[in-house]
Amino acid sequence: MSGSSQLPNGHDAAASSPEEAEIVEINVGGHIYNTSLHTLKSDPNSLLGVIFAGKSPLPLLKDSRGRFFIDRDGTLFRYILDFLRSKRMVLPENFTEKERLLAEAEYFRMPAMADQLRKQSHPASHLVKRFSELNAGNHHIKDLKSAAEAVKSETGGPGYITLGYRGTFAFGRDGLADVQFRKILRLLVSGKVNLCREVFKDTLNESRDPDRGHAERYSARFFLKHNFLEQAFDALSAAGFVLTASCASGVNGPPTNTEQDTEESRWLHYNEFIFFRA
């Protein structure tokens, strides 16, 4: 940056802006990050883009070691940087702080990230909002029916997903045989590929699927990376699926090998749940 300019508060913009540096070291709530200036300015309308372009009327604070300091949640800031780099919201399994991350995205003025978070957290409310936008703003949509079809096109559409599992009960050691816990060996998923990917996202394991073709095909070779049945139910419910049928079966008799005749083998069972979205 050539020369220096005075900000409205009297601070020197050249002294407050890191435009001459390629790698920037930032202290965010006590967490230290090293990133490129290009990443920080990749969204010029975001708060970070404005600050690190030297366009903010407020000075950049610095910590005792001269690092730029931002007084926000340092743990969640990694996802802010990830989104600036890839423009995609990819969160780890069992991530439980989406509401807090949404607040960070809104603070840093990143509406695209906030929209993706809302869609992941509350798919139904996202579709309602999108429905209203389409119906109000798109002159090519003449009635509610066509608006609803436009919203539906943003998801995988209607269809069935079958969730199955083989399980038993885990019994305690001698003297604790009355303590029983559900023991699920694996959660199996069957259905149209694009629907399964939409619902289960990063928790879907496709490693056993031999046909890596188009997303409109069907597969019965998927399973989930976790064994939490209720988490799978939550994902299906959030995507608008409802339970339409279920069935269960147990073992017909004790194992032929008496050495395997354990309490767990006596309680082996298989359950299936069929979900549908209109």
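In the predicted model, Phe275 is buried, with a relative accessibility of 6%. The ring of Phe275 is paired with that of Phe233, the two centres being 5.6 Å apart and the planes at 50°, so the pair is classed as tilted. Phe233 belongs to helix α10 and Phe275 to strand β10, so that this contact joins distant parts of the chain, 42 residues apart. Unlike its buried partner, Phe233 is partly exposed, at 24% relative accessibility.

Eight aromatic pairs are found in the structure as a whole. Another of tilted geometry is formed by Tyr160 and Phe276, whose ring centres are separated by 4.6 Å and whose planes meet at 40°. Because Tyr160 is part of strand β5 (residues 159-171) and Phe276 part of strand β10 (residues 269-277), this pair ties together parts that lie 116 residues apart in sequence. Phe276 is partly exposed, with 26% relative accessibility. An aromatic cluster is also present, made up of Tyr33, Phe77, Tyr107 and Phe108.

Helix α10, which carries Phe233, spans residues 229-238, and its buried residues are Leu229, Ala232 and Leu236. Viewed down the helix axis, these buried residues fall within an arc of 65°, and they therefore line one face of α10. Asp234 and Ser237 are exposed and sit on the face turned away from the buried side. After the helix comes Gly240, with a positive phi near 90°.

The largest nonpolar core contains 31 residues, and the members with the most contacts inside it are Leu48, Phe52, Leu101 and Met113. Two or more residues are given to this core by each of β1, α2 (37-40), α3 (47-52), β4 (68-70), α4 (77-86), α5 (98-107) and α6 (111-121). The greatest share comes from α4, which supplies six residues. Apart from this core lies another, of 21 residues, whose members include Tyr165, Cys196, Leu229 and Leu236. Two of these, Leu229 and Leu236, are among the buried residues of α10. Such groupings accord with a general tendency: in soluble globular proteins, nonpolar side chains tend to be buried together.

Within α4, the buried residues include Phe77, Tyr79, Ile80, Leu81, Phe83 and Leu84. Phe77 is also a member of the aromatic cluster. Several residues of α4 are reached by Met113: beyond its neighbours within four places in sequence, Met113 is in contact with Tyr79, Ile80, Phe83, Met89, Leu101 and Ala105. Leu101, like Met113, is listed among the residues with the most contacts inside the largest core.

An open sheet of four strands, with mixed pairing, is arranged in the order β2-β1-β4-β3. Strands β2 and β3 (61-62) stand at its edges with a single partner strand each, so one side of each is left without a neighbour in the sheet. Strand β1 (residues 23-28) runs antiparallel to β2 (residues 31-36), and six bridges join the two. Across this pairing, Glu25 has Asn34 as its bridge partner, and Val28 stands opposite His31. The hairpin formed by β1 and β2 has two residues between the strands, and Gly29 there adopts a positive phi near 55°.

Positive phi values also occur outside glycine. Most residues other than glycine have a negative phi. Lys87, however, has a positive phi near 65°. This residue comes just after α4, in the loop between α4 and α5, and Lys87 is partly exposed at 40% relative accessibility. Arg109 likewise has a positive phi, near 55°. Arg109 is located in the loop between α5 and α6 and is partly exposed, with a relative accessible area of 47%.

No disulfides are found anywhere in the structure. Cys196 is buried, at 0% relative accessibility, and is a member of the core of 21 residues. Cys247, by contrast, is partly exposed, with a relative accessible area of 46%.

Definitions and conventions: Residues numbered from 1 in each chain as written. Predicted model: local features only at pLDDT ≥ 70, side-chain atom pairs only at ≥ 80, totals over all residues. Heavy atoms only, no water. Disulfide = S-S within 2.5 Å. Buried < 20%, exposed > 50% of the residue type's maximum accessible area, 1.4 Å probe, protein only. Pairing = 2+ DSSP bridges. Arc of directions from axis to C-beta. Core = buried A, V, L, I, M, F, W, Y, C linked by side-chain atoms within 4.5 Å. Contact = heavy atoms within 4.5 Å. Phe/Tyr/Trp six-rings, centres within 6.5 Å; stacked < 30°, edge-to-face > 60°.
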